[in-house]
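The following exercises ask you to read a structure step by step. Try each task before you turn to the solution beneath it.

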Amino acid sequence: MSSPSHAGEHAPRTYPTRPAAVYFYATCLVDLFVPEAGMDAITLLEREGIRVIFPESQSCCGQPAYSSGFPEEARKVAASQLDLFPGDYPIIVPSGSCAGMIRWHWAKIFADDPALHARAAAVAARTYELAEFLLHVVGFQRRDEGDPVTVTLHTSCSARREMGTHLVGRELLARLGNVTLAHHGHESECCGFGGSFSMKHPDISTAMVSDKVAALKATGAREVVTADCGCLLNITKRAEKEDLDAGRSKPSLPGEHLATFLLRRTGGQPARRS
Amino acid sequence: MSAPHATSAAASSSKRDARPIAFVSAQALRERMHDAVNDPHLRKSFRGAMDFLMAKRAAQFPDESELDSLRTLSEGIRQYSLSRLPDLLEQLEAKLTRNGVQVHWAADADEANAIMLGIARRHAAKTIVKGKSMVSEEIEFNHAMHDAGIDALESDMGEYIVQLAGEKPSHIIMPAIHKTKEQIATLFAEKVPGVSYTDNVDTLIQIGRQVLREKFEQADIGLSGVNFAVAETGTLCLVENEGNGRMCTTVPRVHMAITGIEKVVEKLEHVAPLYSILTRSATGQAISTYFNLISGPRKPGEKDGPEEVHLILLDNGRSQAYADEQLRKTLQCIRCGACMNHCPVYTRIGGLAYGTTYPGPIGKIISPHLMGLEQTHLLPTVSTLCGACGEVCPVKIPIPELLVRLRGEAQSKPHDNPVMVGQGAGYSALASFVWRTWARIYARPGNYRMFSWLASRFRALTPSRQSGWTAARTPLTPAPRRLRDMVRDRQ
């Protein structure tokens, strides 16, 4: 087997030493819907003295089509991304699910084409989720300048089970002196996003995200932090809808990407959306 | 039938279209899921039961590295067994025959029921007492016997309850897990003669035991499933907790065992790790209360045991899965049910909503082979691909990966040489067009830049109702500036 599908099956990853430069692969969701998270990730990396290269031609890793059962379409899109990283620098992805797609599933969609397969494998080998890169390669350690706050953390299923980075977010938050992490019930359970699942099976998706939002709120945390924008949108948009329905003007469960949170807490200036 | 079916692609079997299982339409599945997820009682009881089972399993595996090596070993045993399946089935048949067990091969549910009905008729059987067998559920054995005027009585307590209620199992290990003790109390009071309402669980169990004890003695035939069939010794292994399996396989004069062709292993020593990981994964037990090794009928001079033992080896679509290297992994399953216990979807809709014999993640990947994709093409989409199932699977079946594969088989345009019966049953010209268009945009940088610029620029035109998304969430709206704009503006 060339590409087992779960983190449990993978040998622990070895990390490179701190590079001079990295490629930033933003993902389509970040580019269009949560660009501030991408910008904050770039700022975090640059503040550590790492040059960030943003390949202009990037679009998407192909995951939406792949997981919907359209591997040919996924292959076409993924193939168009293989030339974006000519230098031998790590590729940083601010999302567990896109990183998981590149690291484990590209090998499957290119299985029939040895040349593309080899190129995809070379890209996959130097692809890292932002949080694991910050912890294990950058050694992120900055003074927490924020007021004491309690937050709760949602870890995406891809980060947990494909990238094996489920403890990374915790460790990064633990390095912030004034931040208390509140654990929520059924923490390892999916938030119910699942890409097209949220559209195709709204009943079940709603049940799952409502349970997740309830569990997160039950911690009493001021906000939820997550390293995956799919989950972030799912959770915060659900919480917004609950607020709207209940006539609340103050958000009951604001959410931020981990990059934004880390930057804001450590004296950085998060990007503004507009 | 006298030859193993494992090597022939079942896609050629036209008889499989006539299976007795009621047709499951995609619409019916949607309606059942809708009803289930909106049933607060169901939600509460499944959440509680699954939490309990997850905790029990976790307590059995305190050492992650031990779990990992046991899973790797178990996966290896199952893959090795499957790699030699045709040989092992022939060896099993030869050994069992030498042991005095009569072996029958059934291509589908109808054949299996016909074989067992034939046996029952030869013995003029009126009553069959059953140990727990999901394969007998799969072929709707009870219905087939009922139609022939034969009583088939479930003796596993959960199955007995489900049968009394006229329902189907909602879990492969705990068939009546959807019922509360109050519901069972009412059921017993209504259906069991001379019983008045009590919701004392011990009393309820005693009532069931008394009814069943009598039936074991009266039954003409006992039926059981098989957890592992050992080729080198010709042994049928049966894992159970209530002792009813032992009663079914020893008290009646005739014992019929039925199993899928995939359950064979080569050696007795291959059973030990599989047995250990099965009970620990399933119910969080270090070992089950009973473990039966059945190697043949009563020998001269022996005091008990059936006079006749039959084994029915059922294909029913398994050889279709077998023929494909990736789909074959489906057959590694040892039916522990851990995937459903850990599934966030199963937890919210319960087992009955699926409408298939095997619910939950394993049901989503095995049912398309047993029933064809015409009936099941929607099933693989009912998953977020969260991976919890694959993470706990004791034999490392890559369930999410197989779900993705089945989505592709279901939605691709129907073609002439399909790997699966019903390939393309979920094909939609619109969906295909949408994804082709998506690929044209996203695979060409110029197109994507233009598309994303338009989406951002004209974000005010984003529809406020977005399919299923806005049923429970505020709409998704593109940001005023894309990340690429922010990056450019800053430099």
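**Exercise 1.** In which loop of chain B does B:I334 lie, and is B:I334 buried or exposed?

*Solution.* Begin with the conventions: residues are numbered from 1 along each chain as its sequence is written, while chains are lettered from A and ligands numbered from 1 in the order in which they are written. This is a predicted model, in which local features need pLDDT of at least 70 and side-chain atom pairs count only at pLDDT 80 or more, whereas totals for chains, interfaces and linings use all residues.

Step one is to place the residue: B:I334 lies in the loop between α13 and α14 (338–341) of chain B, where helices (H or I, at least four residues) and strands (E, at least two) are DSSP runs numbered from the N terminus. Step two is to count its surroundings, and with 24 other C-beta atoms within 10 Å B:I334 is buried; a residue is buried if 20 or more other C-beta atoms lie within 10 Å of its own, exposed if 12 or fewer, and partly exposed in between, with C-beta atoms placed from the backbone. Step three is to list its partners beyond four places in sequence, which are B:L274, B:L278, B:P394 and B:V395, two residues being in contact if their C-beta atoms, placed from the backbone, lie within 7 Å. B:L278 is 56 residues away along the chain, yet the two C-alpha atoms are separated by 7.0 Å.

**Exercise 2.** Which phi values do B:N316 and B:K396 have, and where do these residues lie?

*Solution.* Take B:N316 to begin with: its phi is near 50 degrees, a positive value in a residue other than glycine. B:N316 sits in the loop between β10 (308–314) and α13 (318–322) of chain B, and it counts as buried, with 26 C-beta neighbours inside 10 Å. Now turn to B:K396, which is not a glycine either and has a positive phi of about 55 degrees. B:K396 belongs to the loop between α18 and α19 of chain B, and its 25 C-beta neighbours inside 10 Å make it buried.

**Exercise 3.** How many residues does each chain bring to the contact, and which helix of chain B gives the most?

*Solution.* Chain B brings 55 residues and chain A brings 59. On the side of chain B that touches chain A, α19(B) gives the most, with seven residues. That side divides into 30 nonpolar, 13 polar and 12 charged residues; here Ala, Val, Leu, Ile, Met, Phe, Trp, Tyr, Cys and Pro count as nonpolar, Asp, Glu, Lys and Arg as charged, and the others, Gly among them, as polar. For the complex, the predictor gives an ipTM of 0.95 and a pTM of 0.94.

**Exercise 4.** What is the radius of gyration of chain B, and what does the globule rule give?

*Solution.* Start with the secondary structure of chain B, which comes to 22 helices and 10 strands. The radius of gyration is 25 Å, close to the 23 Å that the globule rule gives for 491 residues, so chain B is as compact as a globular protein of that length; the radius is taken over C-alpha atoms, and the rule is 2.2 Å times the number of residues to the power 0.38. Finally, the C-alpha trace spans about 95 × 55 × 45 Å along its principal axes, and 52% of the 491 residues count as buried.
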